[in-house]
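Work through the exercises below with the structure open beside you. Try each task before you read its solution.

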Amino acid sequence: MGIGSDLAVVMEGVSASVAALSGLVLADGYLTSDLHAGADVDVLQRRYGLYLERLELVARLEAQLAAVKAQDVADAIDIQHALLPPDAPVEERTYAEMSAVEEIAGILTISSPAAGALVEQSRRVCSLPPVFETLSAGGVSWQHARIVADETEGLTPDSAAGLVAHFFDPDAPHPARGAAPGELVPSRFRAKVRAWRERHHPESLEKRHVKGVADRRMDYAPDRDGMAWLSLYLPGDTACAIWNRSTATARRLQRPDEPRTLTQLRADVAASLLLGAGLQPTTSSAAADADTEPAAAAEGAGNDAGPGCASTDIGKVPAPRADVLVTVPVFSLLGLTEEPALLDGFGPIPASMARRLVAGGAETFYRVLVDPRDGAPLEIGRTRYRLPETIKQWIRLRDRTCTFPGCTNHTPDNDTDHLTPWHHGGTTDARNLAQLCPRHHRLKHARPWTPDPATRNEPPGWTSPTGRHYQPEHPDPQPTHWPPGTLPARIHAMPVQFQGEPAGIEDIPPWEPDDANLIDLNDLSPEDPLWAEFFETPFALSE
């Protein structure tokens, strides 16, 4: 029966969690009883701490019980198959499993499709021991385990094992850094897992993208209260540009006398642009727009399709004109590999889309150069030389989202905040700056949520008012995919532990130029004029 043959270890963990939870309930009862009267303790603060501890235990217990449920579901299906004779026909085995699924649905009071999905997810989770063990210990929730089950679907056993090892085995060759899987909210964990999968299996991403583009559509669904839903299924770069432009325009329309929220303004902006009404700002807002930074102005610009547009313009999707950060490995940009790129605010995109973005002229596109040995960002190409803007884009690249624990707000909405305030001696550099959404920016200044220092390539962690520390969601760079036959010849002259495929290239000692005419870029000052010449050099894109 595999993992499901013995529940003893799992049930020991469940019993320990229940005992600890009971102890906290008794402690709370003591604090509210007459026995505690006169004790020199802040009762309300202590009870607040107890409730938070109980929530932690309840979350752990829910995960452990989810492991028990997954085990039982998987074992129930296995037993149904074991009851059949070895030579039972396929049809009989199918009906036996269908019957078991229907019975599980009845017991759990869920639909048949939901029960079928539970069976598939449970069997997949139980087939991945590191995931099941972490779930049994309460280290991840069922949502996290289900994400791994979903993202390993369609992978070979070896590929699925590699994905699981990356996130759940600290001794793996290139383990994930930063917050553990269970410390990330499920949506952010899914984004990291999906990015890893797409990067290591780009051929599936390219094929699925071609099919997805063919399936693009607009859907309309009437709702109650005189409302309706309108949704677009579009290529990721187009949808991301529409969202960024709507958000930037809505932000510029926010004024002290504007009663609409950002969410409402964003919807109104999109409706106005789609209906060709345009946006006619008042004199005051037009004056405010005159002071808008070039990046924001670019995000608001576009080819509005108004009533007077030529019919030939309808249906032509322009290249995004929003402020865009796309991390493209240089070999992929040149067409030598199909390694996916990373679109800020969206996630992995096919290499073909990244090349089209560059060739199509996204007006404020930033070239993000990465170290081919480990995938870490090295520098951002720029056409603007104002230092604060360059730092702002670097922070966007590093943080991706608001850095507050659990927040998934993407960078176009966020503020660049000083971790140590300027008036307290904080400097304006990458190590003292981080992305914060407006909501958490205000909270940081209203309550003692304390950020850790950041680094050039890693965002800050946070400590809550009660002293709980939350690890940062570190970026997860990987060694660049090198074209076949292009690895430096010196690799083959190195000791055996350094030889092999490109996956081990980050183990190679840093390269040093052996020609007096060559320059090591690490020796150049950031102010050296050679950088300007380097960034102005165009890429030669493949046809």
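Helices are DSSP runs of at least four residues and strands are runs of at least two, both numbered from the N terminus. The model is predicted. In total the protein has 18 helices and twelve strands.

**Exercise 1. A residue in a loop**

Task: Find where Leu 275 sits, and decide whether Leu 275 is buried or exposed.

Solution.
Step 1. Locate helix H11 (262-274) and helix H12 (283-290); Leu 275 lies in the loop between them.
Step 2. Take the cut-off: exposed means over 50% relative accessible area, buried means under 20%.
Step 3. Leu 275 has 72% relative accessibility, so Leu 275 is exposed.
Step 4. Look at the surroundings. Leu 275 helps make a nonpolar surface patch of about 850 Å², together with Met 218, Tyr 220, Leu 230, Leu 232, Leu 234, Ile 242 and Leu 274.
Step 5. Trace the patch to its strands. Strand E1 (217-222) and strand E2 (228-233) each supply at least two of its residues.

**Exercise 2. One helix, two sides**

Task: Describe helix H3: what is its length, which residues are buried, and what covers them?

Solution.
Step 1. Helix H3 covers residues 90-108, which is 19 residues. From first C-alpha to last, H3 reaches 27 Å, close to the 27 Å expected at 1.5 Å a residue.
Step 2. List the buried residues of H3: Ala 96, Glu 97, Ala 100, Val 101, Ile 104 and Ala 105.
Step 3. Explain the spacing. An α-helix has 3.6 residues a turn, so residues three or four places apart point the same way.
Step 4. Find the cover. Helix H2 (43-82) and helix H4 (112-126) are among what covers these buried residues.
Step 5. Contrast with Glu 103, also in helix H3. Glu 103 is exposed, because its relative accessible area is 54%.
Step 6. Check the end. Just after H3, Thr 109 takes a positive phi of about 55°.

**Exercise 3. Salt bridges**

Task: For the salt bridge between Arg 123 and Asp 78, state which helices are linked. Then classify the partners in Asp 399 with Arg 398 as buried or exposed.

Solution.
Step 1. The side chains of Arg 123 and Asp 78 meet at 3.9 Å, N to O. The pair joins helix H4, which holds Arg 123, to helix H2, which holds Asp 78, and the two residues are 45 apart in the chain.
Step 2. Arg 123 is partly exposed, since its relative accessibility is 29%. Asp 78 is partly exposed too, at 28%.
Step 3. Turn to Asp 399 and Arg 398. Their closest N and O atoms are 2.7 Å apart. Asp 399 is buried at 6%, and Arg 398 is buried at 4%.
Step 4. Place these pairs in the total: the count comes to 18 salt bridges.

**Exercise 4. Strands and their faces**

Task: How do strands E8 and E9 run, and which way do the residues of E9 point?

Solution.
Step 1. Four bridges join strand E8 (residues 415-418) to E9, and the two run antiparallel. Asp 415 stands opposite Leu 436 in E9.
Step 2. Recall the rule. In a regular strand the side chains alternate between the two faces of the sheet.
Step 3. Apply it to strand E9 (residues 433-436). Leu 433 and Gln 435 point one way, Ala 434 and Leu 436 the other way, and all are buried.
Step 4. Compare with the open sheet of three strands, ordered E10-E11-E12 with antiparallel pairing. Its edge strands, E10 (450-451) and E12 (469-470), each pair on one side only.

Conventions. Residues numbered from 1 in each chain as written. Predicted model: local features only at pLDDT ≥ 70, side-chain atom pairs only at ≥ 80, totals over all residues. Heavy atoms only, no water. Expected span 1.5 Å × (residues − 1). Buried < 20%, exposed > 50% of the residue type's maximum accessible area, 1.4 Å probe, protein only. Contact = heavy atoms within 4.5 Å. Pairing = 2+ DSSP bridges. Patch = residues over 30% accessible without salt bridge, like charges linked within 9 Å, V, L, I, M, F, W, Y side chains within 5 Å. Areas by Shrake-Rupley, 256 points an atom, 1.4 Å probe, with all protein chains shown as cover. Salt bridge = Lys/Arg side-chain N within 4 Å of Asp/Glu carboxyl O.
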